[in-house]
Amino acid sequence: MDNSIAIIFASMVSQILLLLASTLFQGVQGTIGVNYGTVANDLPPSPQVAHFLVESTIIDRIRLFDSNPEILQAFAHTGIEVTITVPNDQIPHLTKLSFAEQWVKTNVQAYTPATNIVRILVGNEVLSTANKLFIASLVPAMQTLHTALVAASLDPKIKVSTPHSLGILSSSSPPSTGKFRQGYDTHVFKPMFSFLRSTNAPFMVNPYPYFGYSDDTLDYALFRPNPGVLDENTKLTYTNMLDAQLDAVFSAMKLLGFEDLDIVIAETGWPSEADSAQVGVSPENAAEYNGNLMRHVNSGAGTPLMPNRTFETFIFALFNENLKPGPISERNFGLFRPDMTPVYDIGIMRPTGRSSDPMNPSPYEGPGPTVSPIGPSPTSQPVDGKRWCLPKSGVDQDALQRNIDYVCGLGLDCGPIQEGGMCFDPNTVRAHAAYAMNLYYQVMGSYEYDCDFEHSGAITDAMEDANIENELNCKGYSLARHGPLLQIE
């Protein structure tokens, strides 16, 4: 049998096994969690959300991006496991035991045991912020928070961790070469892993095949049958991108001697709507990714480097959030609309919930947006090496900083604009935003919508303009000579 045919056949067999395994989980609670984000002005009251999840879905765990008291009260006596988050800006304060003890008293003890709080996350993607104070305080804050939980006799039940984007890796392909960024490996991750091991807490990551796929790798990202990707070092074949991302993290952990730690997928998902020229985004594809994701992480198949494992997973997100910044896709990751009708069906509705739901559960019909994947329009076609994305004149610094945070939070390489990086100077928000916005624009395919940034970005091809040259040059590195600045190490 031809080798490529054999690989495709193996991929199809894997898909069949996943489908068979998924029958073991139908109707079984505890198979999936969701991120309950609230960056919106049209969401239902949290008591209504809690009732809906308990009565109409099989979701039995949620992750919050804060410790919203209204939500914590709403989920009392539901049995749903709740993960809460300490905001990034509170991390330095949390290194003081008195602050940590008060935080636990206010945000945890006031709601337990009625509300089933099981985990506290110290910040979110802290390393991606490039904030030296936050990063230096991260592990001490985790340790101090745990000490406060011990004092309150809550440590056996409530664990402390922190989630990371895949930007923590300096190498990820092939997966066997995965390693953490230099400096972070010994100064951040070694002590963090020692803490996680000693407290029996998991390492949490946010892998998003959505941010790594191209037209050619869409099947690979969506768990569809495909030729697979061979890791020449291990001779293992990867049939989906999520496994490759997880194994890259595992390889990096193994280099430091912590391959025994559990890995939790704190965020992953696929949007149901995006700008019309973006291929691969639709309710159908979102349903396919999240449905296959559920089957895969619960199947017990594991990954090539971590066989026979399941992965606690939180889908991003529970609702579409209409106030999130960034492109259209950022506001359309939800499993449900604000009226609690499914955007598409991935099998998380209880039978009673399905029968009483006013919407046809098919992802192709019913109210709400349905965007079919189409090719880019002529005006959206990228122009290789001739166009760049820059901040518009007069845009305020807060908006530009949000653009920087958004791009760097995706895990794209923002190292060059961090202190000591080749693009750190000039050290201005506008100059750093120019780097970040152009980085995103080039990586995502150089379509016009990739430079929108809530109308704060503009595309230019006038490289002879001295101002543009200054904004995109980094210590003598000229885009005019070398092209866009991408993944500079």
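Student: Which residue does L390 stand opposite in β15?

Tutor: This is a predicted model. Strand β14 (residues 388–391) and strand β15 (residues 457–460) run antiparallel and are joined by four bridges. Within that pairing, the residue opposite L390 is A458.

Student: On strand β14, which residues lie on the side with L390, and are they buried or exposed?

Tutor: Both faces of β14 are covered. C389 and P391 are on one side, and on the other side are W388 and L390, with all four residues buried.

Student: What is the strand order of the open sheet of nine strands?

Tutor: The edge strands, each pairing on one side only, are β5 (159–161) and β6 (163–165). Neighbouring strands of this sheet are turned by 25° against each other on average, direction ignored. Pairing is parallel, and the order is β5-β4-β3-β2-β1-β13-β12-β9-β6.

Student: Which residue of β12 is the bridge partner of V205?

Tutor: Strand β9 (residues 203–206) runs parallel to strand β12 (residues 263–268), and three bridges join them. One of the partnerships with β12 is that of M204 with V264. For V205, the partner in β12 is I265.

Student: Which residue stands opposite N206 of β9?

Tutor: β9 also pairs with β6, in the parallel sense and over three bridges. N206 points the same way from β9 as M204, while F203 and V205 point the other way, and all are buried. Opposite N206 stands S165.

Student: At about what angle to β12 does helix α9 run?

Tutor: Two helices can be placed against these strands. Helix α6 (residues 132–151) packs on the sheet, touching β3 (81–86), β4 (117–122), β5 and β6, and its direction makes about 150° with that of β4. Helix α9 (residues 241–255) lies across β9 and β12, and its angle to β12 is about 135°.

Student: Why does the distance between the end C-alpha atoms of helix α7 agree with its number of residues, and what is that distance?

Tutor: Helix α7 (residues 184–199) has 16 residues. At 1.5 Å a residue the helix should span 22 Å, so the C-alpha separation of its ends agrees, at 21 Å.

Student: At which residue does α7 bend, by about 25°?

Tutor: A proline, P191, follows the bend within four residues. Just after α7, N200 takes a positive phi of about 60°. The bend itself is at K190.

Student: What covers the buried residues of α7?

Tutor: The buried residues of α7 are Y184, D185, V188, F189, M192, F193, F195, L196 and T199. Their cover includes α6, β5, β6, β8 (179–180), β9 and α9.

Student: Why does P416 count as buried, and how far apart are the C-alpha atoms of P416 and H432?

Tutor: P416 is in the loop between α12 (397–409) and α13 (429–443). Its relative accessibility is 4%, and P416 therefore counts as buried, the cut-off being under 20%. H432 is 16 residues from P416 along the chain, and their C-alpha atoms are separated by 9.2 Å.

Student: Is E55 buried, exposed or partly exposed, and what is its relative accessible area?

Tutor: E55 lies in helix α2 (residues 46–56). E55 and T78 are 23 residues apart in sequence and 9.9 Å apart in space, C-alpha to C-alpha. E55 is partly exposed, and its relative accessible area is 41%.

How values were computed: Residues are numbered from 1 along each chain as its sequence is written. This is a predicted model: local features need pLDDT of at least 70, side-chain atom pairs count only at pLDDT 80 or more; totals for chains, interfaces and linings use all residues. Side-chain values use heavy atoms; hydrogens and water are left out. Two strands pair if DSSP finds at least two bridges between them. Axes are lines fitted to C-alpha atoms, for helices over the stretch in contact, and angles run from 0 to 180 degrees between N-to-C directions. Contact means heavy atoms within 4.5 Å. The expected span of a helix is 1.5 Å times one less than its number of residues. The bend at a residue is the angle between axes fitted to the seven residues ending there and the seven starting there. Buried means under 20% relative accessible area, exposed over 50%, partly exposed in between (1.4 Å probe, protein chains only).
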